[in-house]
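User: Could you go through this structure with me? I'd like to ask about a few local features.

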Amino acid sequence: MHSTISVADQLAIRATVDRFNIGVMRKDAEIWGSCWAEEGRWAIDLLDQPAEGRDAVVAVFETIMARIDFASITSSVTGIVMDGDGVRADCYNQELLYTGEGPPKLLVGCFHDRLVQRDGRWLFAERVYESLKRGPLIP
């Protein structure tokens, strides 16, 4: 059964998404990794199979970010609802990726998220990416 979540928790969840985005834009694995629960699972279309566990998730992030000169990401979080011992939410993203090879790349998609609360902080237990649009910024 789904139920609504407090405004304070909604803000805390949005702060987790903001911290995730800061980690991407700063290419800072420590900041980015602090958004994940120990059992975190990250499923994105660049991977043959999801990364399982915070250490594996962070290792994949570091590998991806090593190929990117700069990334800009903006997000909009929607549909935050309680679900069992955590919450579910959708996080729509727009990313500009600068690789130094050709024009910047545009990625638009949605993370289907499950978050859990640990030590008073909301952390990603799972992020499953749905790609909506991908290509060069200027065709």
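Analyst: What follows is a short talk through cysteines, aromatic side chains and backbone angles in this model, which is predicted.

User: How many disulfides are there?

Analyst: The count comes to 0 disulfides. For C35, the nearest cysteine sulfur belongs to C91 and is 11 Å away, whereas a disulfide needs the two sulfur atoms within 2.5 Å. C110 is in no disulfide either, with the sulfur of C91 as its nearest, 7.2 Å away.

User: And is C110 buried or exposed?

Analyst: C110 is buried, with a relative accessible area of 0%, and C35 is likewise buried, at 0%.

User: Switching to aromatics, which residues form a cluster?

Analyst: One aromatic cluster is formed by F20, W32, W36, W42, F61, F111, F124 and Y129, and a search of the whole structure finds 10 aromatic pairs.

User: What sits over the ring of F111?

Analyst: The charged end of R127 does, at 3.9 Å from the centre of the F111 ring, and the charged end of R127 also sits over the ring of F124, 4.0 Å from its centre.

User: Now the backbone: where is K27, and what is its phi?

Analyst: K27 lies in the loop between α1 (7-26) and α2 (29-33), and its phi is positive, near 55 degrees. Most residues other than glycine have a negative phi. K27 counts as partly exposed, at 37% relative accessibility.

User: What about the phi of D119?

Analyst: D119, which is not a glycine, has a positive phi of about 50 degrees. D119 is in the loop between β6 (105-118) and β7 (121-136), and it counts as exposed, at 82% relative accessibility.

Terms used. Residues are numbered from 1 along each chain as its sequence is written. This is a predicted model: local features need pLDDT of at least 70, side-chain atom pairs count only at pLDDT 80 or more; totals for chains, interfaces and linings use all residues. Side-chain values use heavy atoms; hydrogens and water are left out. Buried means under 20% relative accessible area, exposed over 50%, partly exposed in between (1.4 Å probe, protein chains only). Rings of Phe, Tyr and Trp (its six-membered ring) pair if their centres lie within 6.5 Å; planes under 30 degrees apart count as stacked, over 60 as edge-to-face and the rest as tilted. A charge sits over a ring if NZ of Lys or CZ of Arg is within 6 Å of the ring centre and within 35 degrees of the ring normal. Helices (H or I, at least four residues) and strands (E, at least two) are DSSP runs, numbered from the N terminus.
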